[in-house]
Amino acid sequence: MNRIAILVCIAAVALSSCHKDPRVSAINEIVFGTYYNNCGGTCFHIYRIDNNKIQKDTSVQYFGSYRDFVFSPDRTLTQAQYNSVQHLIDDVPDDMLNITTKVYGCPDCYDQGGVYVSITRNGANTRYLLDTKGSPDEPATYKAYREKIMAAIEQLP
């Protein structure tokens, strides 16, 4: 009888450690990218990541606002590329999940570029435009996340 109880306890501990953070599992997707409106060539790099893949949009050449992006299956990146940036889902700051739309700083006002972030969680969407150089009103958690996004984009095609 004691052996069975011990096995049940071990199984319960092992199974409970496999549960994902409910906040993270509630995130359906993150669309993120950088944009530069006064440059030559393709000035907008946008990606969508969900819980099992990352895709790149190539339909938009210039960022004009919040747009409908095209993420087709033939633009799905490799599993290795997904693995290198999937931490962006886990790293979303809690305070980024409760605002509808927000702009921090003056993204791309003087050709420094901007960072676009759109988080869909439980059917609700939050959108951000962040100055690549940061701004005094930007929370520290957003700054750290913005830097992670910019580093992730440097790794992607």
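## A walk through the chain

The chain in this predicted model contains five helices and six strands. If you follow the sequence from start to end, these elements come in the order α-α-β-β-β-α-α-β-β-β-α. The chain has 157 residues, and 39% of them count as buried. Sequence distance is worth keeping in mind as you look around: among contacts with a separation of 6 or more, 60% are between residues 24 or more positions apart.

Let us begin on the inside. In soluble globular proteins, nonpolar side chains tend to be buried together. Here the largest nonpolar core has 26 residues, and the members that touch the most others are I30, F32, I54 and V117. Which elements give two or more residues to this core? They are the strands β1 (27-35), β2 (44-49), β5 (114-121) and β6 (124-131), together with the helices α3 (79-85), α4 (87-90) and α5 (140-155). The largest share is that of α5, which supplies five residues.

V117 is a good place to stop and look around. Setting aside residues within four places in sequence, V117 is in contact with I30, V31 and F32. The other contacts of V117 on this count are T126, R127, Y128, L130, Y145 and I149. There is also a second, separate core, made of eight residues, and V31, Y35, I46 and F69 are among them.

Now turn to α5, the helix with the largest share of the main core. This helix has 16 residues and spans 23 Å from its first C-alpha to its last, close to the 22 Å expected at 1.5 Å a residue. Its buried residues are Y142, Y145, R146, I149, A152 and I153. Why can we say that they line one face of the helix? Looking down the axis of α5, you would find the buried residues within an arc of 125 degrees, so they share one face. A140 and E154, on the other side of α5, are exposed.

Just before this helix comes the loop between β6 and α5, where you will find T132. Is T132 buried or exposed? Its relative accessibility is 9%, so T132 counts as buried. A polar atom of the T132 side chain lies 2.7 Å from the backbone oxygen of Q112. Not counting residues up to four places away in sequence, T132 touches Y36, Q112, G113, G114, V115, R146 and M150. One of these, R146, is also among the buried residues of α5.

Another loop to visit is the one between β1 and β2, which holds N38. With a relative accessible area of 61%, N38 is exposed. Which residue is 73 positions from N38 in sequence but 6.3 Å away in space, C-alpha to C-alpha? That residue is D111.

Our last stop is a covalent link. The chain has one disulfide, and it joins C106 to C109 with an S to S distance of 1.6 Å. The angle about the S-S bond is -75 degrees, and the link between C106 and C109 is left-handed. How accessible are the two cysteines? C106 has 33% relative accessibility, so it counts as partly exposed. C109 is also partly exposed, at 48%.

How values were computed: Residues numbered from 1 in each chain as written. Predicted model: local features only at pLDDT ≥ 70, side-chain atom pairs only at ≥ 80, totals over all residues. Heavy atoms only, no water. Core = buried A, V, L, I, M, F, W, Y, C linked by side-chain atoms within 4.5 Å. Buried < 20%, exposed > 50% of the residue type's maximum accessible area, 1.4 Å probe, protein only. Helix = DSSP H or I, 4+ residues; strand = E, 2+ residues; numbered from the N terminus. Contact = heavy atoms within 4.5 Å. Disulfide = S-S within 2.5 Å. Expected span 1.5 Å × (residues − 1). Arc of directions from axis to C-beta. Polar contact = N/O pair within 3.5 Å; in protein donor to acceptor, adjacent residues only side chain to side chain.
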